[in-house]
Amino acid sequence: MALSLRFYGVFVVLLVSLLLSKASSTSHHEHHHQLKSLHFALFQHETINRTGYIVVNGVGGAGISQTTTPFGTVFVFQDPMTVTANRSSKVVGMAQGTSVTSSLDGLQSISVAKITLRLKHHSGSVSIVGGTHNVKPSDHPVVGGTGDFLFVQGYVTSSPVNLKGLTVVYKIEFHLYWPPYATQGS
Ligand SMILES: *[C@@H]1O[C@H](CO)[C@@H](O)[C@H](O)[C@H]1NC(C)=O
Ligand SMILES: *[C@@H]1O[C@H](CO)[C@@H](O)[C@H](O)[C@H]1NC(C)=O
């Protein structure tokens, strides 16, 4: 009797510790899913010699065309961002930044930008840095933010929508995540 009780006790301890380890791994998993996040898309409009300028000429490689710039070209922009691809739609953001042509075929660049956002429930800025391809979608890591976007992480995907004409349009998809320490107490 005493023996079987002890055996039963060991069994209960084992069962409880099993359940606890399962519970802790589950709660870790759920915690990940509870990260505050925000997903939305805006449209960036860039007009050559009006919102975006070449400030340093490149040194070689590809020539200037609708989609290429010579290696080393430094471009600076301040582009409005709207809620639809129509330039007349509501402006809710501004992208200020610079890009340097970094591939000899003239199609890729390294971009740094601060995107100021005035959304319904969030205002502030996100800063991004990464490689941009002129004719293919590119992911740019979000390195941080200000205001309601303080400590924000994630990435933005930039995809060309219209590369013809004086104003080129890119769709910018935001995937923003607030780490736990950014949302504590809010
Ligand atoms: C933009 O300005 C530069 C320098 O004045 C000029 O060479 C270029 O042709 C202009 N580009 C367009 C598309 O107007
Ligand atoms: C863009 O929006 C304006 C104003 O709402 C409208 O008049 C125009 O037809 C729209 N353009 C396109 C291509 O949808």
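Two strands are taken to pair if DSSP finds at least two bridges between them, and that criterion underlies the partners named at each stop of this tour through a predicted model.

**The whole chain**

Begin with the entire protein selected and coloured by secondary structure: there are two helices and nine strands, and the order along the sequence reads α-β-β-β-β-β-β-β-β-β-α. Of the 186 residues, 23% count as buried, and among contacts between residues at least 6 apart in sequence, 45% join residues at least 24 apart.

Next, recolour by confidence, where the mean pLDDT is 87 and 81% of the residues reach 70 or more. Now select residues 18-31, where the pLDDT is below 50 and where the model shows zero contacts beyond near neighbours in sequence. Where pLDDT is low, the predicted coordinates should not be read in detail.

**Strands S1 to S4**

Select strand S3, residues 74-82, together with S1, and you will find the two paired in the antiparallel sense over two bridges; to locate this pairing, show Phe 43, whose bridge partner in S3 is Thr 82. Then add strand S2, residues 52-56, which runs antiparallel to S3 and is joined to it by four bridges, with Tyr 53 standing opposite Val 76 of S3. Finally bring in strand S4, residues 91-101, which is also antiparallel to S3 and is connected to it through nine bridges; here Phe 77 has Gly 97 in S4 as its bridge partner.

**Strands S7 to S9**

Move on to strand S7, residues 138-147, and strand S8, residues 153-162, which run antiparallel and are joined by five bridges. Asp 139 is a useful marker, with Thr 157 in S8 as its bridge partner. Follow the chain through the hairpin that S7 and S8 form, with five residues between the strands, and stop at Phe 151 in the turn, which has a positive phi of about 70 degrees.

Continuing from S8, select strand S9, residues 167-178, which pairs with S8 in the antiparallel sense over nine bridges, and show Asn 162, which stands opposite Val 169 in S9. S8 and S9 likewise form a hairpin, this one with four residues between the strands, and Gly 165 in its turn has a positive phi of about 90 degrees.

**A stop at Val 161**

Stay in strand S8 and centre the view on Val 161. Is Val 161 buried, exposed or partly exposed? Val 161 counts as partly exposed because it has 13 C-beta neighbours inside 10 Å, whereas a buried residue would need 20 or more. Leaving aside residues up to four places away in sequence, Val 161 touches Phe 43, Ala 85, Val 169, Tyr 170 and Lys 171. His 45 is worth displaying as well, since a C-alpha to C-alpha distance of 10.0 Å separates it from Val 161, although the two are 116 residues apart in sequence.

**The largest nonpolar core**

For the last selection, turn to the largest nonpolar core, which has 20 residues, and show Ile 115, Val 126, Ile 128, Val 142, Val 152, Ile 172 and Leu 176, the members that touch the most others. The elements giving two or more residues to this core are strand S1 (36-47), strand S5 (108-118), strand S6 (123-133) and S9, and S9 gives the most, with seven residues. End by centring on Ile 115, which, with residues up to four places away in sequence not counted, touches Gly 93, Ala 95, Ser 125, Val 126 and Ile 128.

Note on methods:
Residues numbered from 1 in each chain as written. Chains lettered and ligands numbered in written order. Predicted model: local features only at pLDDT ≥ 70, side-chain atom pairs only at ≥ 80, totals over all residues. Core = buried A, V, L, I, M, F, W, Y, C linked by C-beta atoms within 7 Å. Buried ≥ 20, exposed ≤ 12 C-beta atoms within 10 Å, placed from the backbone. Contact = placed C-beta atoms within 7 Å. pLDDT = per-residue confidence, 0-100.
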